[in-house]
Structures are given as structure tokens and as C-alpha cells.
Amino acid sequence: AVYKKNPKLIVISNHASHLDAISIAAAVPFRYWLSLYFAAAKDYFFSNYWMTFFSKHCIGAIPIDRKDRKGEAVRLCIDLLTRLNSIWLVLFPEGTRSQTGKISAFKKGVSTFSLRSHTPILFLYLDGAYDRWPKGAGFASPGPLTVYVGPVQQPAPIEEIYANYKAWVNT
């Protein structure tokens with residue numbers, strides 16, 4: 001139902017584990033996967049041939065250079081959000097996986113992309129991902145992981161998005 005009402009969305013989620021992107025993809029009906037893109041750290045997910053192949057062809061990742069000062073990643077994401085008729089761009093606004101499982105302050109990219117492309121934002125929260133595969137652990141452990149789907153936020157400054165996201169998660 002969310003997709004039919006919003007064929008263009010920026011999807012944001014907390015980021016606590018390498019299971020996050022896979023969990024989000026698994027929660028999206030298969031028929032929408034061709035419209036699903038993930039912003040992924042270029043230095044990690046595009047570091048060698050096999051990771052690049054997996055990132056591009058298995059999870060639809062867009063390489064984001066976290067040290068880019070020229071704004072190429074920003075222009076690419078805004079271009080995709082503006083040009084494509086249907087896109088769900090998944091971003092982890094904290095910028096990196098949590099060290100503790102707690103939600104950190106958001107980077108301004110989500111707000112920039114949303115405001116410049118007039119794209120609303122869908123809130124997701126992954127509960128249990130940190131417990132399954134925390135940063136630094138060698139591999140995932142079995143157990144529950146729940147994807148919560150929240151409200152759609154209209155474009156706004158990052159402080160408002162962060163405050164609304166935290167308020168929703170706390171409910």
C-alpha cells in the first residue's frame with residue numbers, strides 16, 4: 001500500500017548491522033525490487049571485484065564516497081530521485097553502523113536529498129539487528145529481527161527529521 005501511494009521515497013532506517021540492507025530488501029515485496037536502491041559506502045562495498053559485483057547486482061547499491069567533498073554522490077542521488085518515476089532510495093542517515101546499537105545523530109544528506117528532489121521519507125526501524133551482528137563481530141548469530149514500518153515524513157530540515165524519527169522509534 002505504501003508503494004502505490006509513494007512510488008518515490010527515501011527510506012531511512014537505523015544502522016546497526018550488516019544485516020540491515022538485506023533485512024529491508026526482504027521486507028519489500030519482490031515485485032518492487034527493481035525500484036529499490038541502497039546507498040552504500042564505496043570504500044567498503046566497492047573495495048574489490050567480488051564485493052562490487054555483489055553490491056551492484058545483488059543489492060542494487062549506489063556507491064557513496066564518504067570522503068567526497070565535490071558532491072558527486074549528492075548529485076547522483078538527487079538526479080536519480082528526480083529523474084526516475086519509481087525509486088525507493090534506502091539510506092542510513094547515521095552514516096555508519098552503530099557501535100552500541102543506539103541511534104546516533106543523522107547526517108544532513110537525507111534532508112538535502114529530500115528537500116532538493118521533493119521526495120518524502122519513509123521511516124523504518126530494525127529491532128534486533130545489532131544483537132544479531134554487531135559491528136566488529138565475525139558473523140551473524142541466529143535470533144529475531146523485526147522491521148518496523150513507520151510514517152511518511154515530508155521533506156524537512158535534518159533536525160526535524162531526526163526529532164520525528166526518534167519520537168516515532170520511542171513509541
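Buried residues account for 44% of the 171 in the protein chain; the model behind this figure is a predicted one. The overall dimensions fit a globule: a compact one with 171 residues would have a radius of gyration near 16 Å, and the protein chain, at 15 Å, agrees with that. Along the principal axes, the C-alpha trace spans about 40 × 40 × 35 Å. The accessible surface comes to about 9,700 Å², and carbon and sulfur atoms supply 58% of it. As for contacts between residues at least 6 apart in sequence, 70% of them join residues at least 24 apart.

The protein chain has eight helices and six strands. Reading along the sequence gives the pattern α-β-α-β-α-α-β-α-β-α-β-α-β-α. The six strands come together in an open sheet with mixed pairing, ordered β3-β2-β4-β1-β5-β6. At the edges sit β3 (61-64) and β6 (146-153), each of which pairs on one side only. Ignoring direction, neighbouring strands of the sheet are turned by 25° against each other on average.

Strand β1 is a good place to look at the sheet in detail. Residues 8-13 make up β1, which runs parallel to β4 (residues 87-91) and is joined to β4 by five bridges. Along this seam, Lys-8 faces Ile-87 of β4, and Ile-10 stands opposite Leu-89 of the β4 strand. With β5, strand β1 again pairs in the parallel sense, here over four bridges. On that side Val-11 has Leu-122 of β5 opposite. Strand β1 is also mostly covered, with five of its six residues buried.

Helix α6 takes part in the surroundings of this region. The helix comprises residues 109-117 and lies across β1, β4 and β5 (121-127), running at about 170° to β1. Its buried residues are Val-110, Ser-111, Thr-112, Phe-113, Ser-114 and Ser-117. The cover over these buried α6 residues includes three strands, β1, β4 and β5, along with helices α5 (72-83) and α8 (158-170). Just after α6 comes His-118, which has a positive phi, near 60°.

On to the edge strand β6, where Thr-146 is found. With a relative accessibility of 31%, Thr-146 counts as partly exposed. Leaving aside neighbours within four places in sequence, Thr-146 is in contact with Tyr-125, Leu-126 and Asp-127. For Asp-127, which is 19 residues away from Thr-146 along the chain, the C-alpha atoms of the two are separated by 5.1 Å.

Then there are the aromatic rings. Searching the whole structure turns up 10 aromatic pairs. One of them is the stacked pair of Tyr-49 and Phe-53, at 6.5 Å centre to centre and with 25° between the planes. Both residues belong to helix α4 (residues 49-57), and because they are four residues apart there, about one helical turn separates them. An α-helix has 3.6 residues a turn, so residues three or four places apart point the same way. Tyr-49 is exposed, at 56% relative accessibility, while Phe-53 is partly exposed, with a relative accessible area of 39%.

Trp-133 and Phe-139 make another aromatic pair, this one tilted, with 5.2 Å between the centres and 50° between the planes. The two partners have contrasting surroundings: Trp-133 counts as buried, at 15% relative accessibility, whereas Phe-139 is exposed, with a relative accessible area of 64%. Since buried means under 20% relative accessible area and exposed means over 50%, the two residues fall into separate classes, Trp-133 being buried and Phe-139 exposed. Ring pairs also build a cluster, linking Phe-106, Phe-123, Tyr-162, Tyr-165 and Trp-168.

How values were computed
Residues are numbered from 1 along each chain as its sequence is written. This is a predicted model: local features need pLDDT of at least 70, side-chain atom pairs count only at pLDDT 80 or more; totals for chains, interfaces and linings use all residues. Side-chain values use heavy atoms; hydrogens and water are left out. Rings of Phe, Tyr and Trp (its six-membered ring) pair if their centres lie within 6.5 Å; planes under 30 degrees apart count as stacked, over 60 as edge-to-face and the rest as tilted. Helices (H or I, at least four residues) and strands (E, at least two) are DSSP runs, numbered from the N terminus. Buried means under 20% relative accessible area, exposed over 50%, partly exposed in between (1.4 Å probe, protein chains only). Two strands pair if DSSP finds at least two bridges between them. Axes are lines fitted to C-alpha atoms, for helices over the stretch in contact, and angles run from 0 to 180 degrees between N-to-C directions. Contact means heavy atoms within 4.5 Å. The radius of gyration is taken over C-alpha atoms; the globule rule is 2.2 Å times the number of residues to the power 0.38. Accessible areas come from the Shrake-Rupley method with a 1.4 Å probe; for residues, only the protein chains shown count as cover.
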